[in-house]
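Student: Please take a close look at one buried loop residue and then at the strands and helices that follow from its place in the chain. I would like the cut-offs stated as you go.

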Amino acid sequence: MANTLELYYESAYLKEFDATVLSCTEGGDGSFFVCLDRTAFFPEQGGQSCDKGVIIDRNGKEHAVKYVSIQDGVITHCLDSSFSEGECVHGVIDFTHRFSNMQQHTGEHIFSGIVNSRFGYDNVGFHLSDSEVTMDYNGQLTEEDIREVETLVNEAIWANVEVICSFPSDEELSKTDYRSKKELTGAIRIVTIPGYDVCACCAPHVLKTGEIGLLKVVKAQNYKGGTRISILCGKRALEYISLEHGIVDDLVRIFTTSQDNIISSVEKLKSELSACKGQMAELQNRLLDHEIREVDSELKNVFLVKEAFLDQNVIRKTVNLLSASHPGFCGVFAGDDKNGYRYIIASGTDSKDARQLQKVLSQEFGAKGGGNSPMIQGSLSGIDIKAVINRCQEF
């Protein structure tokens, strides 16, 4: 089969095109794989997701393109409909999606080019999906380094530098110093952003850097001894910043403060909450100590049902105190019948195996949990706690 003519190399801004169906084969799940003699649909490759859009048949009906792939120069369009060999069709690219990918990818080139020139690190991993852009570098970048690169990238965007895409001759290529994540064969496409980057790349790019609009680093983490950076460009960056700004506005309203005082307000609230939790745990301890003293010392099995908010450490302390002075099993269930319970159960002074009780709770009441012979813990949902305790009392 002849190779498909890749129209996106002629112009990344081509939105519609006419083509002839070379072949159409049926997939195993009701999908059809359509090959055209020419296409503007960029296939998934080089870490970038494929284009979206529709193919219009000879009757004027639109068919959504689900996926586009490339192998040995043949580009395959996956659709839910079949086409006849030799049929003339019309393709329409979802240019909003295409242009967003162009913004992200060109922004990544500038970022990686600056990282390479300033720190000597290579981009060894790249992923561009509909929701995120990640780059993996084989060296450590500090927060200060990343902020510096982010600023330099945006300065390159504002400079509105031309983005040059070309297929150099072998002689020209031998004299060109360019970045590449792998050894390449055949015609090699070079994307040049003068003063910032020269890189082998197969994807569509913007004509000038100003079309990127804005680049924002949204996440950075250590990854396999290097650094993984997540970025957003253009409209995606604006939407991200708008969302964060909305959160800040909400916090300003909630705390009745100014933006520059939000962090101190949150820290104060966190400190107060921690103090309240400590006070509540102390009061819970006192209340349970009193309740434990009221429990009949002759009882064999002792089970208490408490409020859902009871602190887990308080539950454990209560169970330990009860099991130290009662035979059988002693436990605490915290929660309610509607929302479920957390529980801790320990074997008492006669050292029974609590795992046998856990087995019954799991098999008969759907409990999730585990433990060892002296103590088990877990959770229950959608049950009548009275029925559970009655069953536990049988041991």
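Tutor: Leaving out residues up to four places away in sequence, T209 touches I110, A156, I157, A159, N160, V161, V163 and I193, where a contact means heavy atoms within 4.5 Å. This is a predicted model, in which local features need pLDDT of at least 70 and side-chain atom pairs count only at pLDDT 80 or more, while totals for chains, interfaces and linings use all residues. Residues are numbered from 1 along each chain as its sequence is written, and side-chain values use heavy atoms, with hydrogens and water left out.

T209 counts as buried because its relative accessibility is 0%; buried means under 20% relative accessible area, exposed over 50%, and partly exposed in between, with a 1.4 Å probe and protein chains only. One of its neighbours also supplies a polar atom: the backbone oxygen of I157 lies 3.5 Å from a polar atom of the T209 side chain.

In the chain, T209 sits in the loop between β14 (197-200) and β15. Helices (H or I, at least four residues) and strands (E, at least two) are DSSP runs numbered from the N terminus.

The strand after this loop belongs to an open sheet of 4 strands, ordered β10-β11-β16-β15 with antiparallel pairing; two strands pair if DSSP finds at least two bridges between them. Its edge strands, each pairing on one side only, are β10 (123-128) and β15 (215-223). On average, neighbouring strands of this sheet are turned by 20 degrees against each other, direction ignored. Axes here are lines fitted to C-alpha atoms, for helices over the stretch in contact, and angles run from 0 to 180 degrees between N-to-C directions.

Inside the sheet, β11 (residues 133-137) and β16 (residues 226-233) pair in the antiparallel sense over 5 bridges. Among these, Y137 has T227 of β16 as its bridge partner. Two helices are in contact with the sheet. Helix α1 (residues 95-119) lies across β10, β11, β15 and β16, at about 140 degrees to β16. Helix α4 (residues 234-255) packs on the sheet and touches β10, β11, β15 and β16, its direction making about 95 degrees with that of β16.

In short, T209 is a buried residue in the loop that leads from β14 to β15, and β15 is an edge strand of the sheet on which helix α4 packs.

Terms used:
Polar contact = N/O pair within 3.5 Å; in protein donor to acceptor, adjacent residues only side chain to side chain.
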